[in-house]
Amino acid sequence: MSWQTTLADALSDGVDVVAWVPDRRLSPVVDALEERVRVRILTSEEACVGYAAGVRAAGGMPAVLFQSSGLGNCLNALGSLAVPYGLAFPIALSMRGTLGEENPSQTLLGKSAAPLLHALGIQTFSVATAEAIPVLVQGALSLARGGRELATLLLEPELDRA
Amino acid sequence: MNAAEAAAAVLEAVPEGLFVASLGTATSALRRASGDGPHLYLGGSMGSALAAAIGVADTRPERGVVALVGDGEVLMRAGVLWSVAGIRPQNLLVAVLENGSYGITGGQRLAVPTAFAEVSAALGLAAASAGSPVEAAERARSLARPGVLVLSVDDPEWPGPSPFVDPPVVRWRFESAATAVAGG
């Protein structure tokens, strides 16, 4: 079973809807989720965060999936909507710019992803093995639901080499 | 028409609606028009109100949902209008307060064509414009969903109480209103 299937299984147990911006590594996750939960493809990472905040405010539980390269696009929605309003949900970031990256335009935002999130008070959890996924996703969902904290899962490149 | 009158007209047309108001003018106008009703008032996150309203509409398909948004707000993330057309929430009305300026920052002109109705129609959305409260209420009632109603606002007076809301209070009141069982 691929890590993508494991992630889809874990998310489908507790999430009503997934909002995402396309990414090659995330595509299999979304394919596996599509029959079980609503999937919304949106035009920017910020739209995903805004959409998810609306879902959460109306009583649902969303998850958001996109590349780390798009994180900068949604800092305003995180910092002045999701975090202050306590509209919390898991975010799964497909990491670019770290181990194995060959595109120089990706490295700076990859390295900055966790520090940017930490600056906003958002916790990050590194996901480097498929075995860790169920526990991390359930923990992120509990943190979002009960703790009202956004929880970011950093989907590391090592996942692809198992 | 001022922004509070426009908001009041839409409230009258969608009395049980869940409203999402963008920062600034829209939030102050809706606070005034609804007597501070339990709506999702945004104090920041310019460009995210319409996306949030789609999320509310998806989650509460049995409820009428209104995005009350400024024109500058829509322009900041205009791509979301394309998502309204792609997703087509059957319960969503987008009410654009069109005054041609950025109200909360001091009224600077948008300096772009404000063709919200034309763009919406080109995207296959129901679209209409209103220049008075009577027209606004009538069109908010009759327009198909998803629909975009452009409300021409020509009164520069600030429309209501402070747009600086207390986020956890807003969230708690809205979530309670959104998840309440009808008649319960």
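**Helix packing, core and chain contacts in the predicted model**

In the predicted model, helix α1 (residues 3-12) of chain A packs against helix α6 (residues 133-145) of chain A at an angle of about 35°, and the axes of the two helices are 9 Å apart. The crossing of α1(A) and α6(A) is right-handed. On the α1(A) side the contact is made by A:W3, A:T6, A:L7, A:A10 and A:L11, which meet A:I133, A:P134, A:V137 and A:Q138 in α6(A). By class, the residues of this contact between α1(A) and α6(A) comprise seven nonpolar and two polar, with no charged residue.

A second helix pair in chain A is formed by α3 (residues 45-57) and α4 (residues 75-82), whose axes come within 8 Å and cross at roughly 20°. Because angles under 35 degrees count as roughly parallel, α3(A) and α4(A) are described as roughly parallel to each other. Their crossing is right-handed. Here A:E46, A:V49, A:G50 and A:A53 of α3(A) meet A:N76, A:A77, A:L78, A:L81 and A:A82 of α4(A), and the residues of the contact divide into six nonpolar, two polar and one charged.

The largest nonpolar core has 122 residues, and the residues with the most contacts inside this core are A:C48 and B:L68. Helix α1 (residues 3-13) of chain B provides the largest share of the core, namely nine residues. When residues up to four places away in sequence are not counted, A:C48 touches A:A19, A:W20, A:V21, A:L42, A:V64, A:F66 and A:C74.

With regard to the contact between the chains, 30 residues of chain B are in contact with 27 residues of chain A. On chain B, α3 (49-59), α5 (79-87) and α8 (167-179) each supply at least two residues of the side that touches chain A. This side of chain B has 16 nonpolar, nine polar and five charged residues. One residue of chain A with partners in both chains is A:G86, which, leaving aside its neighbours within four places in sequence, is in contact with A:R148, B:P168 and B:R171. A:G86 is placed in the loop between α4 and β4 (90-94) of chain A, and A:G86 counts as partly exposed because 19 C-beta neighbours lie inside 10 Å, whereas 20 or more would be required for a residue to be buried. The C-alpha atoms of A:G86 and A:A53 are separated by 8.9 Å, although these residues are 33 residues apart along the chain; A:A53 is also one of the α3(A) residues that meet α4(A).

Several loops of chain B show particular backbone features. In the loop between β2 (40-41) and α3 of chain B lies B:S45, a residue other than glycine whose phi has a positive value near 45°. B:S45 has 28 other C-beta atoms within 10 Å and is therefore buried. A positive phi, of about 55°, is also found at B:R88, which is likewise not a glycine and which lies in the loop between α5 and β4 (92-98) of chain B. B:R88 is partly exposed, because 13 other C-beta atoms lie within 10 Å, and 12 or fewer would be needed for a residue to count as exposed. Finally, B:R145 and B:P146 are joined by a cis peptide bond with an omega of about -5°, and B:P146 lies in the loop between α7 (133-142) and β8 (147-152) of chain B.

How values were computed
Residues numbered from 1 in each chain as written. Chains lettered and ligands numbered in written order. Predicted model: local features only at pLDDT ≥ 70, side-chain atom pairs only at ≥ 80, totals over all residues. Axes fitted to C-alpha atoms, helices over the stretch in contact; angles between N-to-C directions. Helix = DSSP H or I, 4+ residues; strand = E, 2+ residues; numbered from the N terminus. Parallel < 35°, antiparallel > 145°, perpendicular 65-115°, else oblique. Left-handed = near helix turned anticlockwise from the far one by under 90°. Contact = placed C-beta atoms within 7 Å. Nonpolar A, V, L, I, M, F, W, Y, C, P; charged D, E, K, R; others polar. Core = buried A, V, L, I, M, F, W, Y, C linked by C-beta atoms within 7 Å.
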